[in-house]
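Here is a short report on one protein chain. Look at the sequence and the 3D structure, then read on.

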Amino acid sequence: MKEFFKVTDLKKVLKYASDFPRVETEEIPLSEADGRVLAQDIYADVDLPDFRRSTMDGYAVRASSTFGASEANPAYLSVIGSVIMGESPAFSMGIGQAAGISTGGMLPKGADSVIMIEHTEAVDHTSIEVYRSVAPGQNILEKGEDISKSSVLVSSGKRLRAQETGLLAAFGQNKVRVYKKPAIGIISTGDEIVTINELPGPGQIRDINMYTLSGLVKKTGAKPQTFGIVRDDFNDLLRKCNLALDETDMVLISGGSSVGTRDFTIEVLTALSDAQILVHGISISPGKPTILAKSHHHAIWGLPGQVVSAMVVFEVVVKPFIEQIGGLSIEHKKDFKLSARLSRNISSSQGRADFIRVRLNEKNGVLWAEPILGKSGLINTMVKAHGLIEIGVNTEGLDKGAEVEVIPI
């Protein structure tokens, strides 16, 4: 008879993530960098902007020329020219003078602010009335005010968004070095599993996990690589695991992680070259019988076969490991959570972290988290859910109205 697994605390399991090395890097065009993780610090080689520029359409002026101006007592300024976009003004400005300027235009020498066009009125082609005063520096960007030369534009380990790629474009970074997308192997196991193209017979079920796990892998910025269904055969699973380890950076095996005479996962993982079983059981629900093994610096997971359990374990445990090998740094990993109130009392067992599926509803300006209760084989509970809430190891339950943090899924 197999020895029952010994559960490991969730926090301890997550600490193992640092044991696995990051994937290699590659240089790609900036146009393909959205969503990728930067592999090096990038520094500013110039100031941004590298000249004083206007943030408004209006007139470049010396602020002192507008002091005391109001609708009842406007200031009269002489218009000495206009700033041409993309060119350096060939004139300088003195007190009592103004020059037409558009947003982004370069301030002429002598000007220190811009008066909005809405606060002026043309008297004729050479003069304007100004109805409001401006302070020095108002409605302009100083040289280097956005980004100063030699500062870090984007630091290594950050996942690039449109904001970062736009910033890099402003500095002419047409190529960037990023971490390669981790390749995650997915293997489904069990005599009862059939492909989605087959009609399940008695006691059989279509392979759901291959699709749910593939989708979750893509969400982390990695790329899934599926290896099909493996029957309950030690040699077949061992061969498929070795193949997946050769071709990918991490392997997920769904099914076969619990204690049972036909579950070969733990034996197969033990038989792998340079194998080490790090975890056989985690103090969470659902997902207690999860396995984590290590073979030649690769993480191999034995996930529960039940679809909800597999998805919850992925979100809570596997995802941080993929982010680690994918280069995402801790300082740039900010999981977004929503604050809500629990819609009903919910109980929990001490000694494990319970992850409860919830649906979010807003009532009278308050966001409520409604628990969706159901067994780990019911995928409809995940379809209905907007997120997960965690009930801590030392908590027996939560009361209705309790404030909770919701992990979006």
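Helices (H or I, at least four residues) and strands (E, at least two) are DSSP runs, numbered from the N terminus. The model is predicted: local features need pLDDT of at least 70, side-chain atom pairs count only at pLDDT 80 or more, and totals for chains, interfaces and linings use all residues. Residues are numbered from 1 along each chain as its sequence is written, and side-chain values use heavy atoms, with hydrogens and water left out.

## Pocket and cavity

Two kinds of space are searched on a 1 Å grid over the protein atoms alone. In a cavity, a 1.4 Å probe fits but cannot get out. A pocket is an open set of points with protein on both sides within 12 Å along at least five of seven lines. Lining residues have an atom within 4 Å of a point. Points are joined across faces, edges and corners, and a volume is the space filled by probe spheres set on them.

The largest pocket has a volume of about 1200 Å³. It is lined by 37 residues, and the closest to its centre are Lys319, Pro320, Glu323, Lys333 and Asp335. Five elements give two or more residues to this lining: α1 (10-15), α3 (209-219), α6 (307-325), β24 (353-363) and β28 (403-408). Which element gives the largest share of the lining of the largest pocket? Helix α6 does, with seven residues.

The count of cavities of 30 Å³ or more comes to one. The largest cavity has a volume of about 90 Å³. Of its 15 lining residues, the closest to the centre are Val37, Arg159, Pro182, Gly221 and Gly326.

The table sorts both linings by class. Ala, Val, Leu, Ile, Met, Phe, Trp, Tyr, Cys and Pro count as nonpolar, Asp, Glu, Lys and Arg as charged, and the others, Gly among them, as polar.

| Lining | Nonpolar | Polar | Charged |
|---|---|---|---|
| Largest pocket | 15 nonpolar residues | six polar residues | 16 charged residues |
| Largest cavity | six nonpolar residues | four polar residues | five charged residues |

## A six-stranded sheet

Two strands pair if DSSP finds at least two bridges between them. One open sheet has six strands in the order β16-β13-β17-β21-β20-β18, with mixed pairing. Strands β16 (223-230) and β18 (275-280) stand at the edges. Each has a single partner strand, so one side of each is left without a neighbour in the sheet. Neighbouring strands are turned by 20 degrees against each other on average, direction ignored. Here axes are lines fitted to C-alpha atoms, for helices over the stretch in contact, and angles run from 0 to 180 degrees between N-to-C directions.

Take the β18 edge. Strand β18 pairs with β20 (residues 291-295) in the antiparallel sense, over five bridges. Alanine 275 has serine 295 in β20 as its bridge partner.

Helices lie across this sheet. Contact means heavy atoms within 4.5 Å. Helix α3 lies across β13 (183-189), β16, β17 (250-254) and β21 (298-303), and runs at about 165 degrees to β16. Helix α4 (residues 234-247) lies across β13, β16, β17, β20 and β21, and also runs at about 165 degrees to β16.

## Helix α3 and two buried residues

Buried means under 20% relative accessible area, exposed over 50%, and partly exposed in between (1.4 Å probe, protein chains only). The buried residues of α3 are Asn209, Met210, Thr212, Leu213, Ser214, Leu216 and Val217. They pack against β13, β16, β17, β21 and α6. Just after α3, glycine 221 takes a positive phi of about 90 degrees.

Is leucine 213 of α3 buried or exposed? Leucine 213 counts as buried because its relative accessibility is 0%. Leaving aside neighbours within four places in sequence, leucine 213 is in contact with Ile186, Ser254, Leu303, Ala310 and Phe314.

Serine 309 is found in α6. Serine 309 is buried too, with a relative accessible area of 5%. Not counting residues up to four places away in sequence, serine 309 touches Pro286, Gly287, Pro304 and Ser376.

## A hairpin

Strands β8 (residues 120-124) and β9 form a hairpin with two residues between them. Four bridges join these antiparallel strands. Within the hairpin, aspartate 124 has serine 127 as its bridge partner. Strand β9 (residues 127-130) points Ser127 and Glu129 one way, and Ile128 and Val130 the other way. All four are buried. Strand β5 (residues 75-82) also pairs with β9 in the antiparallel sense, over four bridges. There, tyrosine 76 has glutamate 129 as its bridge partner.
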